[in-house]
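The following exercises concern backbone geometry, pockets and aromatic pairs. Please work through each task before reading its solution.

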Amino acid sequence: LWDSFKTASDSQFEGQSLLELFTSRARFNTRLAVAGKIYGASDAQQLMQRGVDIVAIGRGAVTNHDFARQALGDPHFQMRELPVPREILRAEGLGEALVEYMRGWKGFVAD
């Protein structure tokens with residue numbers, strides 16, 4: 001849930017991505033969802049092409065409430081650059097308590 005593109009740290013799987021380790025296994029009817037560091041349409045598309053069934057958007061959906069719509073309409077779409085000013089987060093629908101909470105995420109909210 002932190003990095004959809006992370007590589008394995010175990011020497012047995014050196015050079016392989018964690019995603020590759022999961023997509024190479026028989027999943028039968030089990031769907032595979034990923035989250036983490038998906039900042040634009042090209043990230044999501046790359047993951048789908050690598051065998052993912054569901055792409056979960058976190059920070060990108062916080063900074064752009066319509067991330068999915070924009071990504072579907074523009075293959076070059078990228079989430080807003082961080083840090084994001086408070087007034088933009090409020091305009092995206094975040095309440096003051098959530099904006100204040102996200103100030104604890106280093107580099108996320110511009111002061």
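A residue is called buried under 20% relative accessible area, exposed over 50%, and partly exposed in between, with a 1.4 Å probe and protein chains only. The model is predicted, so that local features require pLDDT of at least 70 and side-chain atom pairs pLDDT 80 or more, whereas totals for chains, interfaces and linings use all residues. Residues are numbered from 1 along each chain as its sequence is written, and side-chain values use heavy atoms, with hydrogens and water left out.

**Exercise 1. Backbone geometry**

Task: Locate Lys37 and Phe28 and state the phi and the exposure of each.

Solution.
Step 1. Helices (H or I, at least four residues) and strands (E, at least two) are DSSP runs, numbered from the N terminus.
Step 2. Lys37 is found in the loop between β1 and α2 (41-49). Its phi is positive, near 60 degrees, although Lys37 is a residue other than glycine. With 43% relative accessibility, Lys37 is partly exposed.
Step 3. Phe28 sits in the loop between α1 (18-23) and β1 (33-35). Phe28, likewise not a glycine, has a positive phi of about 55 degrees. Its relative accessible area is 77%, so Phe28 is exposed.

Task: Which residues does the cis peptide bond with omega of about -5 degrees join?

Solution.
Step 1. The bond joins Leu82 and Pro83.
Step 2. Pro83 belongs to the loop between α4 (67-73) and β3 (84-85).

**Exercise 2. Pockets**

Task: Describe the largest pocket and the second largest pocket by volume and lining.

Solution.
Step 1. On a 1 Å grid over the protein atoms alone, a pocket is an open set of points with protein on both sides within 12 Å along at least five of seven lines; lining residues have an atom within 4 Å of a point. Grid points are joined across faces, edges and corners, and the volume is the space filled by probe spheres set on the points.
Step 2. The volume of the largest pocket is about 340 Å³. Its lining has 15 residues, of which Leu1, Trp2, Gly36, Lys37 and Arg59 are the closest to the centre.
Step 3. Helix α3 (residues 59-63) gives the largest share of this lining, three residues.
Step 4. Ala, Val, Leu, Ile, Met, Phe, Trp, Tyr, Cys and Pro count as nonpolar, Asp, Glu, Lys and Arg as charged, and the others, Gly among them, as polar. The lining of the largest pocket then divides into ten nonpolar, three polar and two charged residues.
Step 5. The second largest pocket holds about 290 Å³. Among its 13 lining residues, Ala41, Ala44, Gln45, Ala71 and Leu72 are the closest to its centre.
Step 6. The largest share of the lining of the second largest pocket is from α2, with five residues. Ten residues of that lining are nonpolar, two polar and one charged.

**Exercise 3. Aromatic pairs**

Task: How many aromatic pairs are there, and what is the geometry of Phe67 and Phe77?

Solution.
Step 1. Rings of Phe, Tyr and Trp (its six-membered ring) pair if their centres lie within 6.5 Å; planes under 30 degrees apart are stacked, over 60 edge-to-face and the rest tilted.
Step 2. The count is three aromatic pairs.
Step 3. Phe67 and Phe77 are edge-to-face, at 5.3 Å centre to centre and 80 degrees between the planes. Because Phe67 lies in helix α4 and Phe77 in the loop between α4 and β3, the pair ties together parts ten residues apart in sequence.
Step 4. Phe67 is buried at 3% relative accessibility, and Phe77 is buried at 7%.

Terms used
On a 1 Å grid over the protein atoms alone, a cavity is a set of points where a 1.4 Å probe fits but cannot get out, and a pocket is an open set with protein on both sides within 12 Å along at least five of seven lines; lining residues have an atom within 4 Å of a point.
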